[in-house]
2 protein chains.
Amino acid sequence: MKASIITVGNEILKGRTVNTNTAHIGSFLTHMGYDVIRNLVVKDDPDEIGWAFDTALSVSDVVISSGGLGPTFDDITVPSFAKHFNIDLVLNQEALFILKKRYGDRNLKVTPERMKMAMLPAGSIAVKNNVGSAPGVFMELEGKKILILPGVPSEMKDILSNASTLIGNGDFFYYEDTIHLEGVMESSLAPMVSELMKKYKGKVYIKSHPLGIENNNPKIDVEVSSQGSSMKEAEDAVKDAVETIREHWRERMGK
Amino acid sequence: MKASIITVGNEILKGRTVNTNTAHIGSFLTHMGYDVIRNLVVKDDPDEIGWAFDTALSVSDVVISSGGLGPTFDDITVPSFAKHFNIDLVLNQEALFILKKRYGDRNLKVTPERMKMAMLPAGSIAVKNNVGSAPGVFMELEGKKILILPGVPSEMKDILSNASTLIGNGDFFYYEDTIHLEGVMESSLAPMVSELMKKYKGKVYIKSHPLGIENNNPKIDVEVSSQGSSMKEAEDAVKDAVETIREHWRERMGK
């Protein structure tokens, strides 16, 4: 099953903020058994947000977005999404309860800007946010699952973990290991990696990540991962490949 | 003028690697005077790479990609790009010279895996890489500029700065400042931000970035930026807005 991740926010596009959210969500989905196929980052703009959801949903079973859920004028992910898919925004009682409690505890009124965060698409579920004000929004659309999260990383992470039962598992078990090698260049390793990938016939994925060369000593991380039909199958395949790579490296280095 | 950024790499999608490259390229393009409108991250897959370039070029004057330029089997950005746009790959003498020198200095042969990095799209320019082996690839296509960079950040950054003359300036001057405020919630600031944005009629962009609440003391960074027709115009507009926000905050806090 495939998944895509959307990020809404000008600050990401301008490079003001590094997009750590997609990495967290990507890792979460991969370990849940989904194949993450695209990340899309768009502006705080209704048309761009609509385009991102259309594009992501056209190739994915699960779509998770982050950003644009706060109280300011340019936090427009939820209304833009709802308008684009012709879904009414309705006052969500659970979301309102969370907001009232949050602001009430601080003796603050639920202003129109704050009330906005309780207006959710009809048929959606408000997912608990233990860290901030805006709840996450979960809904199903044409058999696909959608989760809309705020951009603040601590809130995003909290809601994502609260939504894991709603999202459910994908169709494989994921296992990964990384081997750190020194003294061998990526280009020297390349033929062996190609050969191993053929040997494992797609069961194991191997990718070398060069970390740079210092004092003429190249350093590489080799990522070895597997998407198995059971965790044991994935783990066995990875461990076997890791051992083969280590042996090859030891021979090469005369160790 | 608009720009989009593509990242090619499964490791980004799986969240194994945080996508710092798009932040660096996004900041570079913004300060060069381009409006960065989309980031697309796709797999090391020819069809996905083709889709990303099509999508980015359809809405942008400049497209910069990073990732998939190395010597391994899944480094396929350049051949995938060339095939998708029906451009022949030809041996680039300058790229070959760089490779020969780099590997020759280490007494290593230019193997087929290494030679791959010297096969560039016909009509493209090899952009110098002072850090690694693979040169950047610059070309113009239907009046749009394309720059293809490797994924290793140090190499990407080096080539990007070497390509700045080829990319050239966009159509505005960018100025930005950030104000750090404490003791005020984003939702309390929201009405004032909306008002200020109206006052400056699109000349100034203001965005609050909540940093979280500790000991009931909320912290916010307020980003104030402007895209002016001169640097002075952009700077003046930002400074004026910053002063107004500071005053508002001082009044609020009774300082």
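Helices and strands are runs assigned by DSSP, with at least four residues for a helix and at least two for a strand, numbered from the N terminus. In this predicted model, chain A has 10 helices and 11 strands. Further values for chain A are set out below.

| Property of chain A | Value |
|---|---|
| Span of the C-alpha trace along its principal axes | about 70 × 40 × 35 Å |
| Buried residues, out of 255 residues | 56% |
| Exposed area | about 10900 Å² |
| Part of the exposed area supplied by carbon and sulfur atoms | 51% |

Among the contacts in chain A with a separation of 6 or more, 67% join residues 24 or more positions apart.

Next comes the relation between the chains. A turn of 180 degrees, with a shift of 0.0 Å along the axis, lays chain B on chain A with an RMSD of 0.0 Å. The two copies are thus related as by a two-fold rotation axis. In chain B, B:Leu40 has the C-alpha nearest this axis, at 2.5 Å from it. Of the interface residues of chain B, 100% are also interface residues in chain A, so the copies meet through the same surface.

The largest nonpolar core has 62 residues, and those touching the most other members are A:Phe53, A:Phe81, A:Ile148, B:Phe53, B:Phe81 and B:Ile148. Leaving aside residues up to four places away in sequence, A:Ile148 touches several residues, including A:Phe53, A:Leu69, A:Val78 and A:Phe81.

On the surface, B:Leu89, B:Leu91, B:Met115 and B:Met119 form a nonpolar patch with about 270 Å² of accessible area together. B:Leu91 lies in strand β4 of chain B, residues 89-91. B:Leu91 has a relative accessible area of 34% and is therefore partly exposed, a class that lies between the cut-offs of 20% and 50%.

Technical notes:
Residues numbered from 1 in each chain as written. Chains lettered and ligands numbered in written order. Predicted model: local features only at pLDDT ≥ 70, side-chain atom pairs only at ≥ 80, totals over all residues. Heavy atoms only, no water. Least-squares fit on C-alpha atoms with pLDDT ≥ 70 in both. Contact = heavy atoms within 4.5 Å. Core = buried A, V, L, I, M, F, W, Y, C linked by side-chain atoms within 4.5 Å. Buried < 20%, exposed > 50% of the residue type's maximum accessible area, 1.4 Å probe, protein only. Patch = residues over 30% accessible without salt bridge, like charges linked within 9 Å, V, L, I, M, F, W, Y side chains within 5 Å. Areas by Shrake-Rupley, 256 points an atom, 1.4 Å probe, with all protein chains shown as cover. Salt bridge = Lys/Arg side-chain N within 4 Å of Asp/Glu carboxyl O.
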